[in-house]
Amino acid sequence: MTNLVINDEVTNYNLCSDWILTPARRNKYLRDEIYCQIIKQLTTNPDQSSANRGWVLLALLTSLTAPSKELLDECLLFCEGSSHPLARECEKNLKRKRTRGGCRLYTCHYLEHEMVSRQQPNIRVQVYLPNQSVQTLEVNSHTQVFDMKREVAVRLHLKSINEYSIFLSSNDKGTVRFGYQEPHGTKIFSSYKKVELSSCTREQG
């Protein structure tokens, strides 16, 4: 995972998201090949730095989408047999995908990439309320909009969350440019990625 020479302006996040995770999300046949190549690179890899990057990539991939049913059990066995700290996260992701299935609509947001790269269980995000107060919440790759609404409701002693929505926005120098009201079941990092992509589209337009 150190053979590719890249421009300094191309970040690890861009490489991970654009060149690996996006193709894996879009193409179910390429998805299995990507899983196999990552596991191949991680098998008896003597370079610790390279192995760490590989596990970050595998953790993000397992959070995004699962391999085929034929390959999933083999991937689980590989993760169960590893002592790397991120192996447990990959294992949990795969078991969750095996039970619930599905593929996220968007690849990881840079905040999620940073969280996994630092091997942090979660990161803190701020929710701005209409009364100008701020609530700081801890979120991870599996946090949904519903989870955030429920947490805010508990803190504010609200009887119901049905009348309230999470509204995500992209800010440029403090100015809200656009935003989205997200459904309950949406993964929060998918929502962030949606805003990020829409921001890029508007800038290019």
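The following conversation concerns Thr62 and the packing of helix 2 with helix 3.

Reader: What kind of model is this, and how are residues numbered?
Author: This is a predicted model, in which local features need pLDDT of at least 70, side-chain atom pairs count only at pLDDT 80 or more, and totals for chains, interfaces and linings use all residues. Residues are numbered from 1 along each chain as its sequence is written, and side-chain values use heavy atoms, with hydrogens and water left out.

Reader: Where does Thr62 lie?
Author: Thr62 belongs to helix 3, residues 48–64 (helices are DSSP runs of H or I, at least four residues, numbered from the N terminus).

Reader: Is Thr62 buried or exposed?
Author: Thr62 counts as buried because its relative accessibility is 1% (buried means under 20% relative accessible area, exposed over 50%, partly exposed in between, with a 1.4 Å probe and protein chains only).

Reader: Which side chain joins that of Thr62 in a polar contact?
Author: The side chain of Asn93 does, at 3.0 Å (a polar contact is a pair of N or O atoms within 3.5 Å; within protein, one must be able to donate a hydrogen and the other to accept it, and residues adjacent in sequence count only if both atoms are side-chain atoms).

Reader: Which residues of helix 2 meet helix 3?
Author: Ile34, Tyr35, Ile38 and Leu42 do, and the residues they meet in helix 3 include Trp55 and Thr62 (contact means heavy atoms within 4.5 Å).

How values were computed. Helices (H or I, at least four residues) and strands (E, at least two) are DSSP runs, numbered from the N terminus.
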